[in-house]
Amino acid sequence: MHDFVYQAQAARVIFGVGSLQYLEREIQLLGAERALVLCTPEQQEIAEQVAELLGKRAAGVYPKAVMHVPAETAAAAVSEAQRVGADCAIAVGGGSTTGLGKAIALQSGLPILAIPTTYAGSEMTPIYGITENGLKKTGRDPRVLPRTVIYDANLSLSLPVALSVTSAMNAIAHAAEGLYAQDSNPVMDLMAEEGIRALASAIPLIKATPHDLTARSDALYGAWLCGTVLGNVGMALHHKLCHTLGGSFNLPHAEVHTVILPHAMAFNSAAAPVAMNKISRALGGAPAAQGLYDLAKNNGAPTSLKELGMTLQDVDKAAHIALQNPYWNPRPIAAENADAIKQLFQHAWEGSAPVLV
Ligand code: NAD
């Protein structure tokens, strides 16, 4: 056993089908009287239902969350919270909506209650991101960690199958990288392996029967575990590459994670054998990189950057950006591995099976 530091992060989790019914109790426990409900324009209907459940404790619905939290959107949301006298915000939705809630918490100190409807896992992390002049700045601050999280699989039933699969792969990516994190600890390792197992077994069931509440609950459970790992230990190559592709080439978040993950695992395979064994065990025995590729492909997820709209010319540019500002990874991101990084991008662009390089 290696030495480690384990810092528990406070968050109250209410898990279960139908657990939205406890919302008013949970708002009361936060000591709040007036909650502003946040959502994307697409999820306004469910946010209205949430506000209705709260009755006089609802301060209104703010349906303006968008991807990557533009600074203007965050500032407008803070003003709206002040205008309506909110003493709490409820984020109903995926990572974009939770991200808006975090921006409000960062700027105003209001407590956040999150009701996740995707598997992105942002609700379990103290990581925030705000985009200004096209650049997404991320940071960590304990104030942005939602105080309470309600996981109710009923709210994830409407998540389209394609997005369910890529969102689940996005969650698996947090756990996979957590398993070889420089600051890993045995508690996060347990959560990571169990999170991958829960999501990998839920994905085919959701694809076959999108309204299967047991599979949806298993996926949310996995998302909780994987999000917790993301919030507790550092990420490496895979997340950096996805950040580059999302930020510099404006590619969709969950889909990019899905495409890159098998190739990032192949790149790190020899340098992190213990993590790869755990991933393999969680996938039911398949080798980590190939097993993740098959999981995505067999369930209809995109496997190439090409089909996400990236051009071949951008592949070199992406590899070049990825090699700037070196960061920790089990296999060093350094000049001697430049060709392997280029190959990784080439394979991901083509959508070919991962190659251990
Ligand atoms: P998202 O929140 O952008 O949602 C994608 C789309 O799906 C939106 O239109 C949304 O309204 C819709 N949607 C969500 N749930 C739905 C449901 N149940 N039914 C129908 N439609 C639904 O996507 P995401 O992948 O959850 O989040 C991505 C964002 O979150 C990125 O900006 C990413 O950087 C961020 N993120 C942050 C962290 C963190 O720790 N800070 C972690 C993971 C992701």
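A salt bridge is taken here as a side-chain nitrogen of Lys or Arg within 4 Å of a carboxyl oxygen of Asp or Glu. By this criterion, zero salt bridges are counted between domain 1 and domain 2 of the structure, which is a predicted model.

The two domains comprise residues 12-156 (domain 1) and 161-350 (domain 2). Their centres, computed over C-alpha atoms, are separated by 26 Å. Contact between them involves 21 residues of domain 1 and 22 residues of domain 2. The area buried between the domains amounts to about 1800 Å², of which 66% falls on carbon and sulfur atoms. On the domain 1 side, Phe15, Tyr119 and Met124 lose the most area to domain 2, and together they account for 36% of what that side buries.

Although no salt bridge is counted between the two domains, a search of the whole structure yields 11 salt bridges. In general, side chains of opposite charge can pair when their charged atoms come close. Aspartate 189 and lysine 278 form one such bridge, with an N to O distance of 3.5 Å. This pair connects distant parts of the chain, since aspartate 189 belongs to helix H6 (residues 186-208) and lysine 278 to helix H10 (residues 273-282), 89 residues apart. Aspartate 189 has a relative accessible area of 13%; this value lies under 20%, and the residue is therefore classed as buried.

Helices H6 and H10 are also linked by glutamate 193 and arginine 281, which lie 88 residues apart. The side chains of glutamate 193 and arginine 281 meet in a salt bridge with an N to O distance of 2.7 Å. The two partners fall into opposite accessibility classes: glutamate 193 is buried, at 16% relative accessibility, whereas arginine 281 is exposed, at 56%.

A further salt bridge is found within helix H12 (residues 312-323), where lysine 317 and aspartate 314 are three residues apart and therefore separated by about one helical turn. The closest N and O atoms of lysine 317 and aspartate 314 are 3.3 Å apart. Aspartate 314 counts as buried, with a relative accessibility of 16%. Elsewhere, Arg12, Arg25 and Glu26 are joined into one network by salt bridges that share partners.

Aromatic contacts were examined next. A pair of aromatic rings is described by the distance of the centres and the angle of the planes. With a limit of 6.5 Å between ring centres, two aromatic pairs are counted. For phenylalanine 15 and tyrosine 151, the ring centres lie 5.9 Å apart and the planes form an angle of 45°, so the pair is tilted. Phenylalanine 15 is in strand E1 (residues 12-15) and tyrosine 151 is in strand E8 (residues 148-151); the pair thus links parts of the chain that are 136 residues apart. Phenylalanine 15 is partly exposed, with a relative accessible area of 38%, whereas tyrosine 151 is buried, with a value of 0%.

The rings of tyrosine 221 and tryptophan 224 also form a tilted pair, because their planes are at 50°; their centres are 6.3 Å apart. Tyrosine 221 and tryptophan 224 are both in helix H7 (residues 213-232), three residues apart, and are therefore separated by about one helical turn. Tyrosine 221 is partly exposed at 27% relative accessibility, and tryptophan 224 is partly exposed at 23%.

Aromatic rings also take part in arrangements with charged groups. The charged end of lysine 240 sits over the ring of tyrosine 327, at 5.4 Å from the ring centre. In a second case, the charged end of lysine 306 is placed over the ring of tryptophan 349, at 5.1 Å from the ring centre.

Regarding backbone geometry, most residues other than glycine have a negative phi. Histidine 68, which is not a glycine, has a positive phi near 70°. Histidine 68 is located in the loop between strand E3 (58-62) and helix H3 (71-83). With a relative accessible area of 23%, histidine 68 is partly exposed. Asparagine 250 likewise has a positive phi, of about 50°, without being a glycine. The loop that holds asparagine 250 runs between helix H8 (237-249) and helix H9 (253-268). The relative accessible area of asparagine 250 is 64%, over the 50% limit, and asparagine 250 is therefore classed as exposed.

Key. Residues numbered from 1 in each chain as written. Predicted model: local features only at pLDDT ≥ 70, side-chain atom pairs only at ≥ 80, totals over all residues. Heavy atoms only, no water. Phe/Tyr/Trp six-rings, centres within 6.5 Å; stacked < 30°, edge-to-face > 60°. Helix = DSSP H or I, 4+ residues; strand = E, 2+ residues; numbered from the N terminus. Buried < 20%, exposed > 50% of the residue type's maximum accessible area, 1.4 Å probe, protein only. Lys NZ or Arg CZ within 6 Å of the ring centre and 35° of its normal. Domains from an automatic or database assignment. Contact = heavy atoms within 4.5 Å. Buried area = accessible area lost by both parts, 1.4 Å probe.
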